[in-house]
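Please read the following report alongside the sequence and the model. It takes up charged pairs, strand pairing, selected residues and a surface patch in turn.

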Amino acid sequence: MKEKNHSLKYKVAELAEAPKDVVLGTPVLTMTGQMELCLENYRGIIEYTDTVVRIQTKIGQIKVSGRNLLVAYYTNDEMKVNGRIDSIEYQN
C-alpha cells in the first residue's frame, strides 16, 4: 500500500509540475567535488564518526563514508558534511 501511495504522489507531482522533493519529501543531495555534501529533507542523524555519517530520511537511511568527515552545520531541514567523501549509500 505504501508503494502505491508513493506512486500516486509521484504522478500528482508530475502532473502538477511541482518539485518532487517538496511533494514527496525525498532527500536532495548536492555534492561539490569529493569534499562537500549538502543534504536537504532529512529527519535526523543516526551515526556520526569521522569515517561514517548515517542519516535518516523519509525514504530510508543514507550512509556517507569517507575520512575526516565533519558535520559543518545542520538545521531542521538541511545539513552540510565536509571531508573526504568516498561513498554514499542508500539503505532501506
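## Salt bridges

The count of salt bridges comes to 4 in this predicted model. In one of them, the side chains of Lys80 and Glu36 meet at 3.1 Å, N to O. Because Lys80 lies in strand E6 and Glu36 in strand E2, this pair ties together parts that are 44 residues apart in sequence. Glu36 counts as partly exposed, with a relative accessibility of 22%.

Asp86 takes part in a salt bridge with Arg67, where the closest N and O atoms are 3.8 Å apart. Here Asp86 belongs to strand E6 and Arg67 to strand E5, so the pair ties together parts that are 19 residues apart in sequence. Asp86 also forms a salt bridge with Arg84, with the closest N and O atoms at 3.2 Å. Through shared partners, these salt bridges join Arg67, Arg84 and Asp86 into one network. Each member is partly exposed: the relative accessibility is 43% for Asp86, 45% for Arg67 and 34% for Arg84. As general background, side chains of opposite charge can pair when their charged atoms come close.

## Strand pairing

Strand E3 (44-48) runs antiparallel to E4, and 4 bridges join the two. They form a hairpin with 3 residues between them, and Ile45 has Ile55 in E4 as its bridge partner. Ile55 also stands opposite Ile62 in E5, within the antiparallel pairing of E4 with strand E5 (residues 60-74), which extends over 6 bridges. The hairpin formed by E4 and E5 has 2 residues between the strands.

E5 is in turn joined to E6 by 11 bridges, again in the antiparallel sense, and these two strands form a hairpin with 3 residues between them. Within this pairing, the bridge partner of Val64 is Ile88 in E6.

## Tyr42 and Thr57

Tyr42 is found in the loop between strand E2 (36-40) and strand E3 (44-48). Is this loop residue buried or exposed? With a relative accessibility of 9%, Tyr42 counts as buried, because the cut-off for that class is under 20%. The side chain of Tyr42 reaches the backbone oxygen of Thr75 at 2.6 Å. Leaving aside neighbours within four places in sequence, the contacts of Tyr42 include Ile55, Gln56 and Thr57, as well as Tyr74, Thr75 and Asn76. The C-alpha atoms of Tyr42 and Gln56 are separated by 6.1 Å, although the two residues are 14 residues apart along the chain.

Thr57, one of the residues that Tyr42 contacts, has its place in strand E4 (residues 52-57). At 1% relative accessibility, Thr57 also counts as buried. Beyond its neighbours within four places in sequence, Thr57 is in contact with Pro27, Asn41, Tyr42, Arg43 and Ile62.

## Asparagines in strands and a loop

Which values of phi belong to Asn41 and Asn68? For Asn41, phi is near 65°, a positive value in a residue other than glycine, and for Asn68, phi is near 55°, likewise positive in a residue other than glycine. In general, most residues other than glycine have a negative phi. Asn41 is found in the loop between E2 and E3 and is partly exposed, with a relative accessible area of 24%, whereas Asn68 is found in strand E5 and is exposed, at 61%.

Asn68 is also among the residues touched by Asn82, which lies in strand E6 and counts as partly exposed at 22% relative accessibility. Not counting residues up to four places away in sequence, the other contacts of Asn82 are Met35, Glu36, Leu69, Leu70 and Ala72. Asn82 and Ala72 are 10 residues apart in sequence, and their C-alpha atoms are 6.4 Å apart in space.

## A nonpolar surface patch

Met31, Ile59, Ile88 and Tyr90 form a nonpolar patch on the surface, with about 370 Å² of accessible area together. Within this patch, Tyr90 lies in strand E6 (residues 78-91) and is exposed, with a relative accessible area of 53%. Ile88, another member of the patch, is the E6 residue that has Val64 as its bridge partner.

Conventions:
Residues numbered from 1 in each chain as written. Predicted model: local features only at pLDDT ≥ 70, side-chain atom pairs only at ≥ 80, totals over all residues. Heavy atoms only, no water. Patch = residues over 30% accessible without salt bridge, like charges linked within 9 Å, V, L, I, M, F, W, Y side chains within 5 Å. Areas by Shrake-Rupley, 256 points an atom, 1.4 Å probe, with all protein chains shown as cover. Buried < 20%, exposed > 50% of the residue type's maximum accessible area, 1.4 Å probe, protein only. Contact = heavy atoms within 4.5 Å. Polar contact = N/O pair within 3.5 Å; in protein donor to acceptor, adjacent residues only side chain to side chain. Pairing = 2+ DSSP bridges.
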